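Dear colleague,

I am passing on the structure shown here, together with an account of what was found in it. Please look through the sequence and the model before reading on.

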2 protein chains.
Amino acid sequence: MQTFDTVDELHEFVEMLLHRIDQRYTIGRRAVVELLASSERPLSISDIETRVPEIPRSSAYRHLSDLQKAGVVRRIAASDEFARFEMAEDFLHHHHHLLCSSCGQVIDVTPTRAFERTVARMVDELTAAQGFRATSHALDVIGHCANCER
Amino acid sequence: MQTFDTVDELHEFVEMLLHRIDQRYTIGRRAVVELLASSERPLSISDIETRVPEIPRSSAYRHLSDLQKAGVVRRIAASDEFARFEMAEDFLHHHHHLLCSSCGQVIDVTPTRAFERTVARMVDELTAAQGFRATSHALDVIGHCANCER
DNA sequence: GTTGTAATGAGACTCATTCTCATTCTATCA
DNA sequence: TGATAGAATGAGAATGAGTCTCATTACAAC
Ligand SMILES: [Mn+2]
Ligand SMILES: [Mn+2]
Ligand SMILES: [Zn+2]
Ligand SMILES: [Zn+2]
């Protein structure tokens, strides 16, 4: 979490986003948000289960799905079969991912401003010709993390 | 398929890649390769089933998995729950994807040389600090395709 | 406090993908 | 040209991440 001075401001913003879609900011949702906001890497469902075992799996999935609809959370497809979740970009600096194809770990990395300008320009070029309307982009680097790389 | 003058050259190269890992280039594998090589967009298993119904689902999955191990085919996670498959980059120009978050369609797009130079430089910067060894990258643009965009 | 509605928990269910194993190919060599 | 051992295949069972159902619980509004 980077763009909020206090945890209360974070929760206020989350609550507002949930209210927009007529959803309450309940204990369980709050627990998921606090976990994701305090994690420096995207978490899988089993990560979440390990760290907050009192949230049942079915509720965790539902919370994540509701929070995603509200724009609070983002789902990431890693290179293994498990989805990962992180706070949406409104809560974080825009960033990209290193995906380890050995262990599935996802590492956040922040690009330079200059690079993002180039990406934005290219995305416009690439999509214009196709009548495609872009809402976001993702640059994933696939490879092996320091751990898996011997 | 872009980098081969004849279909025979394509098959020769595929056969070599399979032989490297002690695999035979059989009828079923050949059918999958011909389909993917002639498609201008990545295909899902049900796409493949529709176009080559004589290949059983379990064999199609296995062929794709074997071909991926040989470096002939690449698996793509789309924004829906279905994996897509395309020829590996040795068989195609390097390119990126537009992912429609309404219908799941995957559209290939080719970046400029200048853009790829920038990407390559950034990937180096981003990964060096982490001890991460990059093997490839993917730039996905998420949005709505021309069809889904009214 | 009462009450109508939203959220939750437990577990059943779905379905893309993987696995098993009996059968069919096929490369090799006598 | 067979015979044969190992590889590939097909049919269907099994797996398991993710979704759905429904009975119960929490809560906002009055
Ligand atoms: Mn970016
Ligand atoms: Mn690229
Ligand atoms: Zn790793
Ligand atoms: Zn679409």
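The secondary structure of chain A consists of 5 helices and 6 strands, where helices (H or I, at least four residues) and strands (E, at least two) are DSSP runs numbered from the N terminus. Read from the N terminus, the order of elements in chain A is α-α-β-α-α-β-β-β-β-α-β.

Some conventions should be stated at once. This is a predicted model, in which local features need pLDDT of at least 70, side-chain atom pairs count only at pLDDT 80 or more, and totals for chains, interfaces and linings use all residues. Residues are numbered from 1 along each chain as its sequence is written, chains are lettered from A and ligands numbered from 1 in the order in which they are written, and side-chain values use heavy atoms, with hydrogens and water left out.

The C-alpha trace of chain A spans about 45 × 40 × 30 Å along its principal axes. Of its 150 residues, 46% count as buried; buried means under 20% relative accessible area, exposed over 50%, and partly exposed in between (1.4 Å probe, protein chains only). Among the contacts in chain A with a separation of 6 or more, 49% involve residues 24 or more positions apart, a contact being heavy atoms within 4.5 Å.

Chain A is assigned domain 1 (1–92) and domain 2 (94–150), with bounds that come from an automatic or database domain assignment. The centres of these two domains, taken over C-alpha atoms, are 21 Å apart. In domain 1 of chain A, 13 residues are in contact with 12 residues of domain 2 of chain A. The two domains bury about 990 Å² between them, and carbon and sulfur atoms give 47% of this area; buried area is the accessible area (1.4 Å probe) that two parts lose on being put together, summed over both. A:Arg41, A:Ser79 and A:Glu89 supply 41% of the area that domain 1 of chain A buries against domain 2 of chain A, more than any other three residues.

The zinc ion (ligand 3) has as protein donors A:Cys100 (SG), A:Cys103 (SG), A:Cys145 (SG) and A:Cys148 (SG), at 2.2 to 2.4 Å. Donors are N, O and S atoms within 2.8 Å of the metal (3.2 Å for Na, K and Ca); water is not among the atoms, so sites may look incomplete. Along the chain, the donors of this zinc ion follow the spacing C-x2-C-x41-C-x2-C. A:Cys100, in strand S4 (residues 96–100) of chain A, and A:Cys148, in the segment after strand S6 (133–144) of chain A, are 48 residues apart and link distant parts of the chain. A:Cys100 is buried at 0% relative accessibility, whereas A:Cys148 is partly exposed at 30%.

The manganese ion (ligand 2) has as protein donors B:His94 (NE2), B:His96 (NE2), B:Glu116 (OE) and B:His137 (NE2), lying 1.8 to 2.3 Å from the ion.

Between the chains, 36 residues of chain B are in contact with 36 residues of chain A. Chain B and chain A bury about 3000 Å² between them, 71% of it on carbon and sulfur atoms. B:Phe115, B:Leu126 and B:Phe132 lose the most area to chain A within chain B, together 20% of what that side buries.

With kind regards
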